[in-house]
Amino acid sequence: MIDVKEIRKDFPFFDNTKLAYLDNSATSQRPRAVVEAVADYEYYHNSNPFRGLYELSIDATDRYEAARKKVADFVNAASENEIIFTRNASESLNLVAYSLSEMVLNEGDEIITTVVEHHSNMLPWRLAAKKHNATIKYLKVQDDGSFDIEDLKALLSPKTKIVAMTAMSNIYGRVIDIKAFAKAVHDAGAYFVVDGAQSVPHSKTDVQDLDVDFLAFSGHKMLAPMGIGVLYGKLDILEKMPPFLSGGEMIEYVTFDDITFAHSPHRFEAGTVNAGGAIGLAAAIDYINSIGIENIANRELSLTKLALDEIKNIPHVTVLGSDKAEDHHGIITFKIDGVHPHDIAAIMADNNVAVRAGHHCAEPLHHFIEIPSTTRASIMFYNTEDEVMQFVNTLKRIRPMMGYED
């Protein structure tokens, strides 16, 4: 059970604002513990990890690697060497798209992704397909935001080498049965890449149980600083993949004529690393664990249900996806008849409500459903019932404000 009044005391952001912050799917707010962990590192422990034999550098290395172990435990990776630190989920997905494709794709091969994907899990695969003269296939989504595994099986073929899909859509909020999809993909002899940017902050993730080959996620969506992301990959695959970037500390040995690359994860972490960001991510994980991921999910379900129950009574408002709160995980993407999403967002802003308008980096999905753009409110456990009602009450007034008589 979450005491939201106590929780909000942990977030300085809420001390002096009347803003109902409902853009959490884009970026979450940060608790004091995370900010202080980063500040402590920058003030007292700052040094370049891996590059010095003096105590300060060794300490920075130890803290960075301890953060890696914390992330590995959080997603139940078999080894911390399966955790690669990147800038964000986008970089993680670009890394695996480039390196895995270099290893396995040939002319005429196929990649399967879905119509709902964030651009970060679609564009890298399209570029990889173009480079290797491969083909992209798209798995269609159902009206309620779900996927039919039989549709995937129908797309799979002996030419399928990679399947990439989200664990939770940033439009629908629907959690996919990743474990079942992983089995189908592996039975077909392909690799399975999962975008977990939306799912990891809101639901328990066990990569060994799910049996995914790769999982990408971002720190800034789960209470951590911007500029730190994660790519999980099965170690036996990572050790075979060529590096994505080259530079300092990703080699074991280099001469004018030859290069021997380091083992994972360091072969994929070229240059000076974001130690402060990794330490901030570790602190965010500690904070999430202190509350409990199940408590977080239950709190967000309660707030989502409140919002959807109210919205059902507002004419001319359509919510994308399922009509069940448990299928949304805090994400409410909607349209209002006759009102442009940017006008909706502007009116919300004038009423101290922060939402997102546009195609949400999922423009192909909007073409697929024949809706040019939408508005999205996204809830996190630290939001309040009053903030949800602030959003709902503003929603009720928008069409009348635009001159409609409902």
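# A tour from strand E2 outward

Start by selecting threonine 86: it stands opposite glycine 229 in strand E8. What you see is a predicted model: local features need pLDDT of at least 70, side-chain atom pairs count only at pLDDT 80 or more, and totals for chains, interfaces and linings use all residues. Residues are numbered from 1 along each chain as its sequence is written, and side-chain values use heavy atoms, leaving out hydrogens and water.

**Stop 1: the sheet**

Select E2 and E8 (residues 229–233) together. They pair in the antiparallel sense, over four bridges. (Strands are DSSP runs of E, at least two residues; helices are runs of H or I, at least four; both are numbered from the N terminus. Two strands pair if DSSP finds at least two bridges between them.)

Now widen the selection. Seven strands form an open sheet in the order E2-E8-E7-E6-E5-E3-E4, with mixed pairing. Which strands stand at the edges? They are E2 (83–86) and E4 (135–139); each has a single partner strand, so one side of each is left without a neighbour in the sheet. From one strand to the next, the twist averages 20°.

**Stop 2: inside the sheet**

Go to strand E6, residues 191–195. Is E6 mostly covered or mostly uncovered? It is mostly covered, with four of its five residues buried. (Buried means under 20% relative accessible area, exposed over 50%, partly exposed in between, with a 1.4 Å probe and protein chains only.) Add strand E5, residues 160–166: E5 and E6 pair in the parallel sense over five bridges. Pick out isoleucine 162; its bridge partner in E6 is tyrosine 191.

**Stop 3: the helix across the strands**

Select helix H3, residues 55–75. H3 lies across E2, strand E7 (214–218) and E8. It runs at about 115° to E2. (Contact means heavy atoms within 4.5 Å. Axes are lines fitted to C-alpha atoms, for helices over the stretch in contact; angles run from 0 to 180 degrees between N-to-C directions.)

Within H3, click lysine 69. At 35% relative accessibility, this lysine counts as partly exposed. Then find glycine 292: lysine 69 and glycine 292 are 223 residues apart in sequence and 19 Å apart in space, C-alpha to C-alpha.

**Stop 4: charged pairs**

Side chains of opposite charge can pair when their charged atoms come close. Here a salt bridge is a side-chain nitrogen of Lys or Arg within 4 Å of a carboxyl oxygen of Asp or Glu. How many salt bridges does this rule give? The count comes to 26.

Visit some of them:

- Lysine 9 and glutamate 6 meet at 2.9 Å, N to O. Glutamate 6 is partly exposed, at 42% relative accessibility.
- Glutamate 91 bridges to arginine 87, with the closest N and O atoms 2.6 Å apart. Glutamate 91 is buried, at 18%.
- Lysine 137 meets glutamate 110 at 3.1 Å, N to O. This pair links distant parts of the chain: lysine 137 is in E4, glutamate 110 in strand E3 (residues 110–114), 27 residues apart. Glutamate 110 is buried, at 11% relative accessibility.
- Asp23, Arg356 and Arg376 are joined into one network by salt bridges that share partners.

**Stop 5: a nonpolar patch**

Finish on the surface. Select Ile251, Val254 and Ile259, which form a nonpolar patch with about 230 Å² of accessible area together. (Patch residues have over 30% relative accessible area and no salt bridge; like charges are joined within 9 Å, nonpolar side chains (Val, Leu, Ile, Met, Phe, Trp, Tyr) within 5 Å. Areas come from the Shrake-Rupley method with a 1.4 Å probe; for residues, only the protein chains shown count as cover.) Isoleucine 259 sits in strand E10, residues 259–261. It is partly exposed, with a relative accessible area of 43%.
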